Amino acid sequence: MSFHRIAISLVFGTLLVSLDLLAQPAGYKPVADPKAVKAKIDAASSQIKTIRSEFSQEKKLSVMTKKITSKGLFLYKRENQLRLEYKVPFEYCMVVNQSKVYIKDEGKVSTYDAQSNKLFKQINTMILASIQGQSNSKDFKPQFYENDKNYLMILTPQSKAVKEMLKTLEIYLDKKDGSVVKFDMVEPNGDYTSIVLLSKELNVALSDDSFILK
Amino acid sequence: MGKWWLGLFMVLCFACVKPIQREKIALDEPDQPTPPFFQADSIHMFNTQIDAFGKQMRGILVAKKMENHSLRLVLIPKTGPTIFDAEFHHGKFRMVQAIPQLRSAPVRKLLEKDFKLLFFAPQKEDAACQRFMDNEYCRYQMDGSMKKATYGPVQHPIITLSYAYDSTQVPSQVIVEHAQMPLKFTYTKWIEP
């Protein structure tokens, strides 16, 4: 191999390694054995039947220097029951119950069928994928990273409809129990919604009534 | 042969016509938002309710005058990804990002027209009608705290904008209603705590 070829290979090799490092999320490194980690996450996730937690949401928009923050109560019951109840700074509640989506805003309840309403189907897919850590879903391609405390699963949507609304779903999972610590929905323009679960209780009794809005 | 000056005269005449036409368009459709919006603040936020064909959608509209003098309009739901992100730059409307349901040309045109009426319409004396975009635009004084504007033929407006005011110059609420379809947008001023 000529000197020029070696030099060019070195330059491109270094460039590719640098680009790979740049793509890597700060504070996380790629896992050594993605298959083993995937199996571990799936096994841990299958043990979680319910989650009750406070949540804090941050919405970052490129047009605003300040983030919009909101807080509330988060309930999840396997398979497809979810309640996001915003309490501060506005009262708003979204409930997903199988194929139904209920929204309560300023006292008025609206019901949607997630199967027939494309928008809600897409939102439903994203949020449930985040909570359930769906590394097996055909809708997303996963990449795995880790640090001392958490696994970070970056899901890239595969369907065109979801891709148009979402660049990646970044799910932070607790290494101890496989439960979701935080999830970020990153949009194609870089804007994102970040939801952090706080004071989490796993596998507590949750009534089915919590997932119906009247 | 000897009429070369006539040709030159006609060329000069045509050369003069174009800038006058351009100036007329610029007068009718300003490329900067008109008062009272963006006088004291560069950003306005509205709690937004959309009633369309029996369905309802709510979110927060962020309207920001950017440093490059463009106007950015972003509608976000209280949960989930952005509904749309659009901008007016030099009078041209562009959809930066939108959910697939809002990408069709008719929806984009409808949003463009509504936002032009909301932020760019001439704010002259009440009851004064004038040409704006491709139709008549009239403003009416209702009572001390309410104003109305109509767009379209004076007797049968296509779009009606109802403004409510609190103590400030900026409306506390604007309702945009379409007469030809069951479509209503309610924008209520929202101040983040």
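Let's start at the interface: 28 residues of chain B are in contact with 35 residues of chain A. Keep in mind that this is a predicted model.

How much area do the two chains bury between them? About 2700 Å². Of that, 56% is on carbon and sulfur atoms. Three residues stand out on the side of chain B. B:Lys78, B:Thr79 and B:Pro81 supply 25% of the area that chain B buries against chain A. No other three residues give more.

Why quote an area at all? Interface size is often given as the accessible area lost when the parts come together.

Now the polar side of the interface. The rule finds 3 salt bridges across it, between chain B and chain A. It also finds 11 residue pairs in polar contact there, with both residues at pLDDT 80 or more. Which elements of chain B give two or more residues to the side that touches chain A? They are β1 (43–52), β2 (55–65) and β3 (71–76) of chain B. The one that gives the most is β2(B), with 7 residues.

Let me pick out one of those bridges. B:Lys78 forms a salt bridge with A:Asp105. The closest N and O atoms are 3.2 Å apart. This pair also belongs to a network: A:Asp105, B:Arg58 and B:Lys78 are linked by salt bridges. And remember B:Lys78 from the area figures: it is one of the three residues that together supply 25% of what chain B buries against chain A.

Next, chain A on its own. It has 4 helices and 12 strands. Of its 214 residues, 46% count as buried. Its accessible surface comes to about 11100 Å². Carbon and sulfur atoms hold 55% of that surface. For contacts between residues at least 6 apart in sequence, 46% join residues at least 24 apart.

Two residues of chain A deserve a look. Take A:Ser70 first. It sits in strand β3 (residues 68–77) of chain A. Buried or exposed? Buried: its relative accessible area is 3%, and the cut-off for buried is under 20%. Leaving out residues up to four places away in sequence, A:Ser70 touches A:Phe55, A:Ser56, A:Gln57, A:Tyr86, A:Val88, A:Pro89 and A:Phe90.

Now A:Thr156. It lies in strand β9 (residues 150–157) of chain A. At 28% relative accessibility, A:Thr156 counts as partly exposed. With the sequence neighbours up to four places away left out, A:Thr156 touches A:Asp139, A:Phe140, A:Lys141, A:Lys167 and A:Thr168. One distance for reference: A:Thr156 and A:Ser46 are 22 Å apart, C-alpha to C-alpha. In sequence, those two are 110 residues apart.

On to salt bridges in general. How many does a search of the whole structure find? The total over all chains is 20. I'll show three that lie within a chain.

In chain A, A:Lys67 bridges to A:Glu58, with the closest N and O atoms 3.5 Å apart. A:Lys67 is partly exposed, at 30% relative accessibility. A:Glu58 is partly exposed too, at 29%.

Also in chain A, A:Asp184 bridges to A:Lys182 at 3.8 Å, again for the closest N and O atoms. Here the aspartate is buried: A:Asp184 has a relative accessible area of 8%. A:Lys182 is partly exposed, at 25%.

In chain B, the side chains of B:Lys113 and B:Asp134 meet in a salt bridge, 3.9 Å from N to O. This pair links distant parts of the chain, 21 residues apart. B:Lys113 is in helix α2 of chain B, while B:Asp134 is in the loop between β6 (129–132) and β7 (135–143). B:Lys113 is partly exposed, at 29%. B:Asp134 is partly exposed as well, at 46%.

Last stop: helix α2 of chain B itself. It covers residues 105–119, which makes 15 residues. Does its length make sense? What span should we expect at 1.5 Å a residue? The answer is 21 Å, because the expected span is 1.5 Å times one less than the number of residues. The end C-alpha atoms are 21 Å apart, so the two agree. And which residues of α2(B) are buried? They are B:Leu110, B:Leu111, B:Glu112, B:Asp114, B:Phe115, B:Lys116, B:Leu117, B:Leu118 and B:Phe119.

Key
Residues are numbered from 1 along each chain as its sequence is written. Chains are lettered from A and ligands numbered from 1 in the order in which they are written. This is a predicted model: local features need pLDDT of at least 70, side-chain atom pairs count only at pLDDT 80 or more; totals for chains, interfaces and linings use all residues. Side-chain values use heavy atoms; hydrogens and water are left out. Buried means under 20% relative accessible area, exposed over 50%, partly exposed in between (1.4 Å probe, protein chains only). Contact means heavy atoms within 4.5 Å. Accessible areas come from the Shrake-Rupley method with a 1.4 Å probe; for residues, only the protein chains shown count as cover. Buried area is the accessible area (1.4 Å probe) that two parts lose on being put together, summed over both. A salt bridge is a side-chain nitrogen of Lys or Arg within 4 Å of a carboxyl oxygen of Asp or Glu. A polar contact is a pair of N or O atoms within 3.5 Å; within protein, one must be able to donate a hydrogen and the other to accept it, and residues adjacent in sequence count only if both atoms are side-chain atoms.
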